[in-house]
Amino acid sequence: MTLFEVAKEIGRRNASIFLRDTSGNRPVYGGSKKFQDDPHWKDYILYYEYFHGDNGAGLGASHQTGWTGLVARELDLFTRLNREDLLRASKGVMAEITRQQVAGA
């Protein structure tokens, strides 16, 4: 695997905690029915301090985004760039992507 592929795989694994599985549930919410089923809460994503090693359920503080806030950035980055684009990109590509993210583009 290339370093880009390793980074993308780590991003995929991190994101899988927050994305819906085949049954429509997000592992981050474990058995919490409120966040899994309630139409007012099911799309409200909480970023937890740490996670259960077997099932991905969020544990600890949910008011601090910390490193888990990077998941959104990883999803966006690997959607926008592939390995070839990144190799050809200028040094300012990450700054430009950040500007686009802040602007909502």
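Student: Which residues make the nonpolar surface patch of about 450 Å²?

Tutor: This is a predicted model, in which local features need pLDDT of at least 70, side-chain atom pairs count only at pLDDT 80 or more, and totals for chains, interfaces and linings use all residues. Residues are numbered from 1 along each chain as its sequence is written, and side-chain values use heavy atoms, with hydrogens and water left out. A patch takes residues with over 30% relative accessible area and no salt bridge (Lys or Arg side-chain nitrogen within 4 Å of an Asp or Glu carboxyl oxygen), and nonpolar side chains (Val, Leu, Ile, Met, Phe, Trp, Tyr) are joined within 5 Å. Here the patch is made by Met1, Leu3, Val6 and Ile10.

Student: Why does valine 6 count as partly exposed?

Tutor: Buried means under 20% relative accessible area and exposed over 50%, with partly exposed in between (1.4 Å probe, protein chains only). Valine 6 counts as partly exposed because its relative accessibility is 31%.

Student: In which helix is the place of valine 6?

Tutor: Helices (H or I, at least four residues) and strands (E, at least two) are DSSP runs, numbered from the N terminus. The protein has five helices and two strands, in the order α-α-β-β-α-α-α. Valine 6 lies within residues 3-16, which form helix H1.

Student: What share of the 105 residues is buried?

Tutor: The C-alpha atoms fill a box of roughly 45 × 35 × 25 Å along the principal axes. Of the 105 residues in the protein, the buried share is 27%.

Notes
Patches are made of residues with over 30% relative accessible area and no salt bridge: like charges are joined within 9 Å, nonpolar side chains (Val, Leu, Ile, Met, Phe, Trp, Tyr) within 5 Å. Accessible areas come from the Shrake-Rupley method with a 1.4 Å probe; for residues, only the protein chains shown count as cover.
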